Amino acid sequence: MKVIVSDASRKMVYHRGGCIYAARIKSAHRMTLKMNDAVRHGYHECSCCSGMKGAVRVSRKALNQVGQDIAFEYLYDDKSDTLFIRTEFGFWKIYQKESGFVLYHCSRYDRTKTFEALMHDVFHRQSDVPAYESLLKHVNYIVEHDRAKRIILEDYKKLPQRTKKQKKYYKKAEQRARRLQIMRVDMLLDSLKTGKPLKQLA
Ligand SMILES: [Zn+2]
């Protein structure tokens, strides 16, 4: 991660981009360097922009921006030092580990549940996403994930198949569509047998 320091201040503090205190450093004294190098030179983290809370603080503008185009709600929980995000197709949590920010996905997203209830639901580590130093990288992943879900609902065949990861994802969607088809047929047969109306499949 790149951080910002002042070469004139005796406070020896480093900041994330977007920190209000970094913005106060005059350009003549502003230096951008790798966090590891800053630490090696005796700088320590700023209490305003460090940690999970600080990352949310400096990302607030970008987070609010996401919510303008798609369903996107977020909440930083002080007690667990975790950021929770709710979108149309998923519920997520992000927290900070030594390796970076890690992303967890709510295992069974029940959209009738309240935000509060979902915060205490079951999560799994999103295994195809590494620990990122950038919080917004995770946010981008979540947005892309939602976009893919929407395409699958419309038609999985429209999913891109360029990269290896995309091909794997396509295969999964294809299998899921087949499963749903089988379930639909089963349900249709069931409803014919029992005379009960068909339930809508998610
Ligand atoms: Zn700062």
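Helices (H or I, at least four residues) and strands (E, at least two) are DSSP runs, numbered from the N terminus. Keep that handy while you click around.

**Before you start.** You're looking at a predicted model, where local features need pLDDT of at least 70, side-chain atom pairs count only at pLDDT 80 or more, and totals for chains, interfaces and linings use all residues. Residues are numbered from 1 along each chain as its sequence is written, and side-chain values use heavy atoms, with hydrogens and water left out.

**The whole protein.** Show everything as a cartoon. You should find six helices and nine strands. Of the 202 residues, 37% are buried (under 20% relative accessible area; exposed is over 50%, partly exposed in between, with a 1.4 Å probe and protein chains only). Take the contacts (heavy atoms within 4.5 Å) with a separation of 6 or more: 48% of them come from residues 24 or more positions apart.

**Stop 1: Thr32.** Select Thr32, which sits in strand β3, residues 30-34. Is Thr32 buried or exposed? Thr32 counts as exposed because its relative accessibility is 54%. Now show what surrounds it. Apart from neighbours within four places in sequence, Thr32 is in contact with Lys2, Val3 and Ile4. Pick Val3 and check the distance: the two C-alphas are 5.6 Å apart, although 29 residues separate Thr32 and Val3 in sequence.

**Stop 2: the open sheet.** Next, select β5 to β9. These five strands form an open sheet in the order β5-β6-β7-β8-β9, with antiparallel pairing (two strands pair if DSSP finds at least two bridges between them). At the edges are β5 (72-77) and β9 (123-125), each pairing on one side only. Direction ignored, neighbouring strands here are turned by 25° against each other on average (axes are lines fitted to C-alpha atoms, for helices over the stretch in contact, and angles run from 0 to 180 degrees between N-to-C directions).

Zoom in on β6 (residues 82-87) and β7 (residues 91-97), which run antiparallel and are joined by five bridges. Which residue of β7 stands opposite Thr82? That's Tyr95. Further along, Ile85 faces Trp92 in β7. A hairpin of three residues links β6 to β7.

Carry on to β8. It pairs with β7 over six bridges, again in the antiparallel sense, and a hairpin joins the two strands through two residues. Click Lys97: its bridge partner in β8 is Gly100.

**Stop 3: helices on the sheet.** Add helix α3, residues 51-69. This helix packs on the sheet, touching β5, β6, β7 and β8 (100-106), and its direction makes about 165° with that of β5. Then add α5, which lies across β5, β6, β7 and β8 and runs at about 25° to β8.

**Stop 4: along α5.** Select residues 135-155. Helix α5 has 21 residues and reaches 30 Å from its first C-alpha to its last, close to the 30 Å expected at 1.5 Å a residue (that is, 1.5 Å times one less than its number of residues). At its start, a side-chain oxygen of Ser134 comes within 3.3 Å of the backbone nitrogen of Leu136. Now colour the buried residues of α5, including Leu135, His138, Val139, Ile142, His145 and Ile152. An α-helix has 3.6 residues a turn, so residues three or four places apart point the same way.

Key
Polar contact = N/O pair within 3.5 Å; in protein donor to acceptor, adjacent residues only side chain to side chain.
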